[in-house]
Structure formats: C-alpha cells, structure tokens
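Subject: Structure for you, with notes

Hi,

Here is the structure I promised to send over. Have a look at it first, and then read on for what I found.

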Amino acid sequence: MRFDGLIGNAECKEQLSTLSDSGRMPHALLIEGPAGSGRRTMARIVAQAAVCRHPDRAVRPCGGCPDCIKAKAGTHPDISFFGGSERARSFGIQTVRELREEGYRRPNEAECRVFVLVNAQALSLEGQNALLRIIEEPPKHLRFIFTCQSRFQLLETIRSRTFAVSMKGVSEAEALPFLEEKYPAISRKNLQTVTRLYGGCLGQIQQALEDDSWKDGLRLAPAIAEAMLAPEEMALLKQTFRLPQKDPVLVAGTLRELRFLFRDALTAKCGQGERLSPSPDTANKLAATLTAQQLVTLIDTITALEGMQRRNINHSLFVTEMCARLRSAIGR
Ligand SMILES: [Zn+2]
C-alpha cells in the first residue's frame, strides 16, 4: 500500500500495508488520533486503495487508474463520507438509516463500497446501536472506515467489531522539511516551536500557521508561569481557564512548554546550558524568584498534570487542579 502525501505514522502505515497487501483488510477499520493528526487523510487513502484496480496490491492506491482518479476528485460513486462535525452526537439515527439502505446496494463500479464515518464519536447512541446491525452482518461488498479521537468514544459493541489503528503527531525531523518548504517566510526556530506546541499534529500546525493563532498559543505557557508568581490565586486561575477545552493537543503542548520554562529557569540558576523555551525573559524571572527545589517540584507537578490530562478528566476540574497544584508547588 502507498501513502503519498501522508507524513510520519510509520507504525500505522506498516499495519495497514500488511493487511492491504495480503488482501486481508478488515471490513471495519477504526482510525483514532488527535485532531489534526491526519485521520481523514488516512481514511481517504485507505478508501482509495479499496477501489483501486492496480493488479499489484502493494502499489495501491496507484493514483492513475480511473477509480483512483475519481476517488481523488471526491467523485467515486462507491466511496461515501458521512458525518464530519467534531460536535458530539451531531449525527443521528436518520443518517444511519440512509446509510444502511445504501449499504445493501451493490457497488456501482468498484469491487466494494466504502463508507467513511468521520468523527464517529458524534454518532448518537441510538445511531450507534442501529449501525451495529449492519456491522455485525455486513454485505460482502461493504467496508467501513471510522475516524474518531479515541476508540473509547464508541460503544464497546462497535469497537469490538473494528480493527483499530492509531495516528499520532509526527516528529520534528519528519515535520520540518515539509513545513520549511510550505512556509519559507517563517523561521526554522518558530517552526520547531509550533511543531512542539501542537504535538506534531500537522493539521493543527498548518491551521495555526495560517491564521497566526500559534502566537496566542505560544503566549499561554509564559502567561501561566508569570501569573503563578502573583500573590492572588485569581490571576493564575484566569490564565489556566484560557486553556481551550476543545483542544487537548494545545493543552498538552502548553504543559510541555511550561516544563521547558521551568527547566530553563533551573538551568539559569545552575549556570550555563542550552535554552529550550522561546520565552527567556519569563525563564529568567522564574529563576530570580524561585528556589531550585521549587523549580524541581514544578517540573514534577507538570508530569503529574500530564498524567491527569491523558486520563481525559473533566476540563474545568483539570484547570482548577492545575492552578492549585502549581501554587502549592511553590508554597503559595
Ligand atoms: Zn488506482
């Protein structure tokens, strides 16, 4: 299988190639991963490979056969996309009914039909249950591809009937050649920082570079660190509440930047060393105000907060807890 235009995610590509090249692609595939990690691009590639007619499976999707050309243009009659919004429970039973009716019809041109359910976590409970009937005993020609942030957002009964692969953000080494070519006006250092801030999720990185929101994103960590030094708890609470609820990738990126800030402050206290954070003024201020022990405790606190965030706890609870733990780490 080929993955033209999709950067990184070697493990995921290898799993899918093994299945596809041997003609054993499961009838229901689940692609999970954070927003901007390329789930939809991967779904498009898998769907295109499913309809591609190239005799050698290893080079599917070939990009040149009539089916590939239609799939790329989004006009292949046997590939259908459903859903789309990240908003929870936005696609319901009516869509599933239409999809079921459609699913039993024979393919128009290819050997199979492919239904891609984008952001499947938005399916209502009723919708998921209705879908189960066709996933349990699907017609031979039908393939499903689900995309969502985490497989655990789907009912266990659906999950257990799918094969799941995980998309991840890409490394700096993978992202930089692509970003430097696409955004020649932005410095390498800034591209590195943005890649780190958005956890290598190229969709989010490009969005942030295009609408300039990365600059706001980058101000979050130093603003939180400086507010932490204020005597009033409210100052810090105000900053932690700016962390976007809908964007766990940016929250994780901000925690990472805070770790770099605390680490840079510690380096500044202990003498020389390479600076990792793009906010040296804030790091110097931290170094001047806090003890080495307090900075070490802060770094440990970030590790604990990262653990909490990975467990998907309620966002308001998380930001309140973050505020309390950071203050307690420095004895406020
Ligand atoms: Zn083809």
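To start with a puzzle: which helices do the buried residues of α9 pack against? Keep that in mind while I go through the rest, and please remember throughout that this is a predicted model.

First, the overall picture. The protein has 332 residues, of which 41% are buried. It contains 15 helices and 5 strands. If you lay the C-alpha atoms along their principal axes, they fill a box of roughly 70 × 45 × 30 Å. The domain assignment splits off domain 1 (10-166) and domain 2 (212-329), and the centres of domain 1 and domain 2, taken over C-alpha atoms, are 39 Å apart. As for contacts between residues at least 6 apart in sequence, 71% of them link residues at least 24 apart.

Now back to the puzzle. The buried residues of α9 pack against α7, α8, α10 and α12. The residues in question are Leu202, Gln204, Ile205 and Ala208. Looking down the axis of α9, you'll find these buried residues within an arc of 160°, so they line one face of the helix.

That takes us to the largest nonpolar core, which has 43 residues; Ile224, Leu261 and Phe262 are the ones with the most contacts inside it. Two or more residues each come from α7 (172-182), α8 (188-197), α9 (202-210), α10 (213-228), α12 (248-270), α13 (280-289), α14 (292-310) and α15 (315-329). The top contributor is α12, with 10 residues. If you want one residue to click on here, try Phe262: leaving out residues up to four places away in sequence, Phe262 touches Leu286, Leu295, Leu298, Ile299 and Ile302. There is also another core, apart from this one, with 42 residues, including Val96, Leu142, Leu154 and Ile158. As a general backdrop, nonpolar side chains in soluble globular proteins tend to be buried together.

While you are at α12, have a look at Gly253, which lies in that helix. Gly253 has 27 C-beta neighbours inside 10 Å, and therefore counts as buried. Again leaving out residues up to four places away in sequence, what does Gly253 touch? The answer is Arg196, Leu197, Tyr198 and Gly199. Gly253 and Arg196 are 57 residues apart in sequence, yet their C-alpha atoms are 6.6 Å apart in space.

Next, the strands. Strand β4 (residues 142-148) is mostly covered, and 7 of its 7 residues are buried. Both faces of β4 are involved: one side carries Leu142, Phe144, Phe146 and Cys148, the other carries Arg143, Ile145 and Thr147, and all of these are buried. Which strands does β4 run parallel to? One is β1 (residues 28-32), joined to β4 by 5 bridges. Another is β3 (residues 113-118), also parallel to β4 and joined to it by 5 bridges. Phe144 makes a handy landmark in β4: Ala28 has Phe144 as its bridge partner, and Phe115 stands opposite Phe144 too. Between β3 and β4 the chain passes through helix α5 (residues 125-136), and this β-α-β crossover is right-handed.

Finally, some backbone geometry you may want to check. Most residues other than glycine have a negative phi, and most peptide bonds are trans. Three spots here go the other way:

- Arg60 to Pro61: this peptide bond is cis, with omega near -10°. Pro61 is found in the loop between α2 (39-51) and α3 (66-73).
- Asn9: its phi is positive, near 55°. Asn9 lies in the segment before α1 (10-21), and counts as buried because it has 24 C-beta neighbours inside 10 Å.
- Asp212: its phi is also positive, near 70°. Asp212 lies in the loop between α9 and α10. Is Asp212 buried or exposed? With 8 C-beta neighbours inside 10 Å, Asp212 counts as exposed.

Cheers

Terms used:
Residues numbered from 1 in each chain as written. Predicted model: local features only at pLDDT ≥ 70, side-chain atom pairs only at ≥ 80, totals over all residues. Core = buried A, V, L, I, M, F, W, Y, C linked by C-beta atoms within 7 Å. Buried ≥ 20, exposed ≤ 12 C-beta atoms within 10 Å, placed from the backbone. Helix = DSSP H or I, 4+ residues; strand = E, 2+ residues; numbered from the N terminus. Contact = placed C-beta atoms within 7 Å. Domains from an automatic or database assignment. Pairing = 2+ DSSP bridges. Right-handed = clockwise from strand over helix to strand, strands pointing away. Arc of directions from axis to C-beta.
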